[in-house]
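Here is a friendly walk through one model, meant to be read with the structure open beside you. Let us begin in the middle of the fold and work outwards.

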Amino acid sequence: MSDNRFLMNEEDEAQIDLTPMLDVVFIMLIFFIVTSTFVKESGVDVTRPQAKTSVVTESNAIQIGITAANQIFMDKRQIDKRAIRANVEKSLAENPGASVIIVADQDSNTHTLIDVMDQARLAGATSVSVASEND
């Protein structure tokens, strides 16, 4: 008398269930999407001045760009000087405690730079800095 419990035919082959692995992959994907930070660029290419004492800052900062023609850009769109304060207040509401980084072209006017800095500080920004190139 043979024992048929130990005999396997082609129908009874073991199969690997991939569902738990796919669940883990999707959970990790969702985790990385939720925890990633998105950098909002000022939206304009400028030639930054060089500085020997420049330091790298955090990536979740609010960036404001000033072109050589003294045009002001924020979130890839041109804004007026009078709209800087409102835009920075809105960005600070979305990201409390964020610093403001002004990316000014080396040929832009100091007057425009000071106006942008004042408006950012009036909006409630505690840290306002100017970006430069490493020397």
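Strand S2 (62-66) is largely enclosed by the rest of the structure, because five of its five residues are buried. This is a predicted model, so please read each statement below as computed from it. Within S2, the side chains alternate: Ile62, Ile64 and Ile66 point one way, while Gln63 and Gly65 point the other way. Residues on both faces of S2 are buried.

What lies beside S2 in the sheet? S2 and S5 run parallel and are joined by five bridges, whereas S2 and S3 pair in the antiparallel sense over three bridges. As general background, strands of a sheet pair through backbone hydrogen bonds, in either a parallel or an antiparallel way. S2 and S3 also make up a hairpin with five residues between them. In the turn of that hairpin, Asn70 has a positive phi of about 65°.

The table lists residues of S2 with their partners across the bridges.

| Residue in S2 | Stands opposite | Partner strand |
|---|---|---|
| Ile64 | Ile102 | S5 |
| Ile64 | Met74 | S3 |
| Gln63 | Ile101 | S5 |

Stepping back, the open sheet has five strands in the order S4-S3-S2-S5-S6, with mixed pairing. Strand S4 (77-79) and strand S6 (128-130) stand at the edges and have a single partner strand each, so one side of each lacks a neighbour in the sheet. On average, neighbouring strands of this sheet are turned by 30° against each other, direction ignored.

Ile64 turns up again in the largest nonpolar core, which has 20 residues. Ile64, Ile84, Val88, Val100, Ile102, Val116 and Val128 are the members that touch the most others. At least two residues of this core come from each of strand S2 (62-66), strand S3 (72-74), helix H2 (84-94), strand S5 (100-104) and helix H3 (110-122). H3 gives the largest share, four residues.

Now for the outside. Which residues form a nonpolar patch on the surface? They are Ile16, Leu18, Met21, Leu22, Val25, Phe26, Leu29 and Ile33, and together they have about 830 Å² of accessible area. Ile16 sits in the segment before helix H1 (19-35). Is Ile16 buried or exposed? With a relative accessible area of 77%, Ile16 is exposed, because that value is over the 50% cut-off.

How values were computed
Residues are numbered from 1 along each chain as its sequence is written. This is a predicted model: local features need pLDDT of at least 70, side-chain atom pairs count only at pLDDT 80 or more; totals for chains, interfaces and linings use all residues. Side-chain values use heavy atoms; hydrogens and water are left out. Patches are made of residues with over 30% relative accessible area and no salt bridge: like charges are joined within 9 Å, nonpolar side chains (Val, Leu, Ile, Met, Phe, Trp, Tyr) within 5 Å. Accessible areas come from the Shrake-Rupley method with a 1.4 Å probe; for residues, only the protein chains shown count as cover. A salt bridge is a side-chain nitrogen of Lys or Arg within 4 Å of a carboxyl oxygen of Asp or Glu. Buried means under 20% relative accessible area, exposed over 50%, partly exposed in between (1.4 Å probe, protein chains only). A nonpolar core is a set of buried Ala, Val, Leu, Ile, Met, Phe, Trp, Tyr and Cys residues joined through side-chain atoms within 4.5 Å. Two strands pair if DSSP finds at least two bridges between them. Axes are lines fitted to C-alpha atoms, for helices over the stretch in contact, and angles run from 0 to 180 degrees between N-to-C directions.
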